[in-house]
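Reader: I would like to go through this model with you, starting with its confidence and then moving on to the annotated sites. Could you put it on screen?

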Amino acid sequence: MPAEDKIMIPGAPSSEPPTVEEPTAAREPLAPKPDQQGPEAVSPTGSPTGEPANSRAQSGQYLTTAQGLRVGDTDHSLKAGPRGPILLQDHHLREKITHFDHERIPERVVHARGAGAHGVFRSYGTASRITKAGFLAPDVETPVFVRFSTVLGSRGSADAVRDTRGFSTKFYTDEGTYDLVGNNIPVFFIQDGIKFPDVVHAAKPHPDREIPQAQSAHDTFWDFVSLHTEAQAHTMWNMSDRGIPRSYRTMEGFGVHTFRLSDEAGNTTLVKFHWKPKQGVHSLVWEEAQIINGMDPDFHRRDLADAIEAGAYPEWELGVQTFPDTEDQMFEGIDLLDPTKFVPEELAPVQPIGLMTLNANPTNYFAETEQVAFHPGHLVPGIDVTNDPLLQVRLFSYLDTQISRLGGPNFAQIPINRPHAPVNDMLRDGMHQTAVHGGVAPYRPNSLDGGCPFLAGHDMGAFVDVPEELAASVKERRNPASFDDHFSQARLFFRSLTPVEQDHVIQAYTFELGKCYEAAVRERQLMALANIDAGLCAAVAIGLGMPAPGATVQVPDPGPSPALSQVGKTWPVAGRVVGLIVDSSSDLSEVSAAREALDAAGVVPLVIAPTGGVLGAGTNQEVVVQRTYLTARSTEFDALLVAAGGSPAADAEQGRDAKAGEPATRVDPRVVLMLSEAYRHAKAIGAWGAGSGALEAAGITRDTPGITVGEGPDAVVPAVQEMLASHRAWDRFPAAPQAGE
Ligand code: HDD
C-alpha cells in the first residue's frame with residue numbers, strides 16, 4: 001500500500017523517527033511557585049554527599065518525642081493515681097511503645113548475619129585497558145561499604161559456623177553505585193537460579209522444630225546435595241578449611257560469575273573478580289570453631305571491628321582473571337557460564353586492578369549494616385552481566401527482596417544506599433518516600449519541566465547494554481551439555497590440597513554425615529564421594545562405619561591447582577593476636593620486652609593474668625592486664641607465649657593451700673587448658689622462665705613442631721613470629737590417608 005494511503009490513527013505510536021527534536025542543552029526546570037516554599041526541598045536521592053547521613057537524627061540536648069516536644073518524664077506512665085490504671089491519653093507512652101513494637105524488620109532470607117565496614121577503593125588503572133568504568137581508571141579513589149556474612153544462620157547466630165561467607169562490596173562511584181555481591185567460595189551450589197529456593201530450604205533448619213541453627217550437618221542439606229550432584233563442588237569447599245575462616249579479614253572473595261567488561265571502543269572481555277586479602281588466607285580448625293561459637297559467638301564481627309578501631313585496617317587487592325569473549329564462552333574446557341566451575345589460577349592468573357582498605361566502622365549497625373541493600377544489577381558503564389543462568393535470576397531476586405525487607409521501593413533513599421552520583425530518576429511516591437520532589441512533569445518527553453531529564457549518549461556516561469548476538473535457538477528448559485560434569489572440579493579441589501588439609505576435609509564429611517539420621521542419605525553422599533576420589537570416600541566410609549561404594553561415572557581428571565592450598569606459604573603477621581600468659585612468678589621486664597617486640601611487628605599482644613588490673617602497680621615495670629584466666633580462652637589467640645608457671649597469688653585466688661606432697665604452687669588448670677588447646681590446634685607456643693613448667697604440666701614436649709622454649713623473650717618471640725607467618729605448625733596434625741584412586 002502506498003504510504004499516502006495509510007490509515008492514520010491519532011495518538012498511535014509511529015514507526016517513523018520522531019520529528020520533534022529532543023532538547024540538547026540543559027534548561028532550568030520551572031522555578032518553584034511562590035506558594036511552594038514548604039520544607040526545604042532537599043532530595044535525599046539527589047544529594048551526593050553534601051547532606052550528612054544523620055542530618056535529621058538526634059540533635060539538641062533534651063529528650064523529645066518524635067515531633068520534637070520536650071519530655072519531662074519517660075519512666076512513669078500517666079496513671080489514674082500511683083496505683084491506678086494507665087490512661088489511653090498517654091501519647092508519649094503510646095509513641096514509645098508503638099515505635100518499639102516495630103523496631104525489627106524481616107531479616108535477610110539468606111546472609112542474615114553479617115558485619116559491615118566503610119572503606120576506600122583505589123584503582124591501579126590496570127583494568128582501564130579492558131573497561132571504561134570510571135572507578136577503575138588510574139588512581140581513582142572510590143568510597144566503599146562492605147558487608148561480610150554467613151549464609152544459613154539467623155541474625156543472632158554464631159559467626160564461626162561451617163558455612164559459605166558472603167563478601168559484598170558497594171562502590172559509590174561517580175557514575176552510579178556498583179555492587180559486587182560475592183562469596184568466599186568461587187563456585188556455587190546450583191547452575192540455575194530457579195533452584196535457589198530448593199537449596200536454601202534444604203540447608204535452613206528443619207521446618208518442624210527449626211533446628212539445627214546455622215549448620216549444614218543435617219539430613220535435609222545432605223539429602224539435597226547428594227541428590228543434586230552439581231552441588232558437590234561447592235560442598236567440597238565448605239567441608240574444607242575454607243568453610244571456617246579464621247576471620248573476615250583473612251578470607252578471599254570471589255564474584256563467582258563471569259562478567260563482561262567493555263572499553264570505550266566497545267571491545268569486550270570476560271572476567272572473573274577475585275579479592276585477595278593482604279592479611280593472608282587463614283582458617284580455623286573445627287574444634288576451635290566449635291569452642292568459639294560458645295565462647296564468643298561474635299568472633300568475626302568483633303575481630304573486624306577491633307582491627308579497624310585499632311587502626312590495623314584490613315586490605316584486599318581486587319584482581320581479575322580475563323578470558324577472550326568468544327562465541328562459545330569456554331576457556332580451557334571450562335564453561336564460563338557455569339557458576340559451579342571456577343578457573344584455576346594456574347590457567348588464568350589473577351591480575352591486580354586495585355586495593356581496598358576498610359578504615360571505618362559503622363556508626364549504627366541497623367542504619368548501615370542491616371539496611372544496606374546490594375544487588376548484582378547495580379552496574380556502571382563498562383561492566384555488564386553475562387547469560388550465566390544463576391546470575392540472570394539474581395538480577396531479579398535482589399531488587400525484589402529489598403521491597404519486603406526494607407518496606408517498599410524507596411530503599412535507595414536510605415542513607416547507606418544513597419548513590420554518590422546525582423540521581424534524577426522520575427521514580428515517584430511509594431512507601432517511605434523521603435524526597436520532596438519539585439516540578440510537575442515526572443515523565444518524558446516533557447516540555448513543562450524544561451524537558452528534563454535528558455537522555456545521555458554513551459559518550460556522556462550512559463550505561464549501554466553490550467549488544468550481544470544470540471545464536472538462533474529454541475525456547476526450552478534445559479542446560480547445555482557442558483554443564484553436565486558435576487565431579488571433576490570437586491576432585492580438582494580435593495587433590496590440590498596438602499595431606500593435612502585433606503584430612504580436615506575427611507573429618508568434616510565424617511562429622512556432618514555422622515549427624516544425618518537417614519542411612520540412605522549417608523549412602524548416597526558416599527556414592528558421590530566415590531565419583532570424586534576413592535581415597536576420600538573410603539576414609540569417610542570408615543568413619544561412618546559403612547561400606548565404601550565404587551565410582552559410577554567416568555570423571556575427567558584435571559591437574560591440581562596448588563594455588564588452592566593454604567599450607568606451605570608465609571603471610572604477614574601484622575594484625576595477628578598473641579596471648580601472653582603471666583602470673584606473679586613472671587619477670588615483668590621480660591613481659592614488657594615481649595610486648596614491645598610483638599608490637600613492633602604489628603602483632604597484637606594481649607596479657608593474660610590470674611586477675612585483672614595492673615601487674616607491678618606502682619613500680620616502673622607496670623604491665624596492664626587485658627584478659628584474665630577466667631575470661632581468656634585459647635581460641636582468641638593465634639599463638640601463645642607463656643611466662644607463668646604457677647604462683648602463690650594464683651593459688652590464693654583459687655583458695656588453694658598446698659597439701660602435703662604437692663608442689664608449693666601448681667600451674668593453674670586454666671593455663672593448662674589454654675596450652676593444651678593451642679597445642680591441639682597446632683598453634684605456635686613459646687615459653688621462657690617458669691613457662692617451661694607450664695608446658696610440662698600441659699604434657700607438651702619441647703621438641704615438637706611449633707614449640708619454642710628459650711632463656712627469655714629475645715630467644716622465643718622471633719621464633720614464634722616466624723611460625724605465626726605460616727599460620728600453624730601444620731606438621732603437628734596427623735596426616736591424611738593418601739588420596740587417589
Ligand atoms: Fe544471594 C543475599 C551472594 C546466589 C538471592 N547473596 C546475598 C548476599 C550475598 C550473596 C553476599 C548478602 C548481601 C548483603 O550483605 O546484604 N548469592 C550470592 C552469591 C551467589 C548468590 C555469590 C551465587 C553466585 N542469591 C543467589 C541466588 C539468589 C539469591 C541464585 C536467588 C535466586 N541473595 C539472594 C537474596 C538476598 C541474597 C534473597 C538475601 C538478602 C538480599 O538478597 O539482599 O535476594
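Author: What follows is a discussion of a predicted model of this protein.

Reader: What is the mean pLDDT, and how much of the protein reaches 70 or more?

Author: The mean pLDDT is 91, and 89% of the residues reach 70 or more. The model scores ipTM 0.99 and pTM 0.92.

Reader: Where is the pLDDT below 50, and where else does it stay under 50?

Author: One such stretch is residues 9-20, which has zero contacts in the model beyond near neighbours in sequence. The other is residues 39-54, for which the model has 26 contacts beyond four places in sequence. Where pLDDT is low, the predicted coordinates should not be read in detail.

Reader: Understood. How many helices and strands does the protein have?

Author: There are 17 helices and 20 strands. Of the 741 residues, 41% count as buried. Among contacts between residues at least 6 apart in sequence, 73% join residues at least 24 apart.

Reader: Which residues does the UniProt domain annotation cover?

Author: The unreviewed UniProt entry gives "domain: Catalase core" for residues 64-452. In the model that span is 21% helix and 20% strand, and its end C-alpha atoms lie 41 Å apart.

Reader: Which residues are listed for the active site?

Author: UniProt, again in an unreviewed entry, lists H111 and N183 under "active site". They are spread over 73 residues of sequence but cluster in space, with a largest C-alpha distance of 10.5 Å.

Reader: Where does H111 lie, and is H111 buried or exposed?

Author: H111 sits in the loop between helix 1 (91-101) and strand 1 (114-123). H111 counts as buried because 22 other C-beta atoms lie within 10 Å, and the cut-off for that class is 20 or more. Leaving aside neighbours within four places in sequence, H111 contacts S149, V151 and G166.

Reader: And which residues does N183 touch?

Author: Not counting residues up to four places away in sequence, N183 touches T164, R165, G166, F167, F254 and V256. N183 belongs to strand 4 (residues 176-183) and is buried, with 23 C-beta neighbours inside 10 Å. G166 therefore appears in the contact lists of both H111 and N183, given that a contact means C-beta atoms within 7 Å.

Reader: Let us turn to the ligand. Which residues come nearest?

Author: Of the 26 residues around the ligand, R108, H111, G166, F196 and V256 come nearest. Strand 2 (141-150), strand 3 (165-173), strand 4 and helix 8 (389-405) are the elements that give two or more residues to this shell.

Reader: Which element gives the most, and what is the shell made of by class?

Author: Helix 8 gives the most, with six residues. By class, the shell has 13 nonpolar, ten polar and three charged residues.

Reader: How far does helix 8 reach from its first C-alpha to its last?

Author: Helix 8 has 17 residues and reaches 24 Å, close to the 24 Å expected at 1.5 Å a residue. Its buried residues are P389, L390, L391, R394 and Q402. After helix 8 comes G407, with a positive phi near 80°.

Reader: On backbone geometry, which residues are joined by cis peptide bonds?

Author: One cis bond joins I211 and P212, with omega about 0°; P212 is in the loop between helix 2 (196-203) and helix 3 (219-227). Another runs from C452 to P453, with omega near -5°, and P453 is in the loop between helix 8 and helix 9 (488-496).

Reader: Which residues other than glycine have a positive phi?

Author: Q329 and H432 are among them, with phi of about 50° for Q329 and near 60° for H432. Q329 is buried, with 21 other C-beta atoms within 10 Å, whereas H432 is exposed, with 12. Q329 lies in the loop between strand 8 (315-324) and strand 9 (330-331), while H432 is in the loop between helix 8 and helix 9.

Reader: Finally, where is R522 found, and what is R522 in contact with?

Author: R522 is in helix 11 (residues 519-532). Beyond four places in sequence, R522 contacts L513, C516, L544 and M546. R522 is buried, with 24 other C-beta atoms within 10 Å. Its C-alpha lies 8.4 Å from that of D223, although 299 residues separate the two along the chain.

Key. Residues are numbered from 1 along each chain as its sequence is written. This is a predicted model: local features need pLDDT of at least 70, side-chain atom pairs count only at pLDDT 80 or more; totals for chains, interfaces and linings use all residues. UniProt positions are given in the numbering used here, feature names are shortened, and annotations may be inferred rather than shown by experiment. Helices (H or I, at least four residues) and strands (E, at least two) are DSSP runs, numbered from the N terminus. Two residues are in contact if their C-beta atoms, placed from the backbone, lie within 7 Å. A residue is near a molecule or strand if its C-beta atom, placed from the backbone, lies within 6 Å of it. Ala, Val, Leu, Ile, Met, Phe, Trp, Tyr, Cys and Pro count as nonpolar, Asp, Glu, Lys and Arg as charged, and the others, Gly among them, as polar. pLDDT is the predictor's confidence in each residue, from 0 to 100. The expected span of a helix is 1.5 Å times one less than its number of residues.
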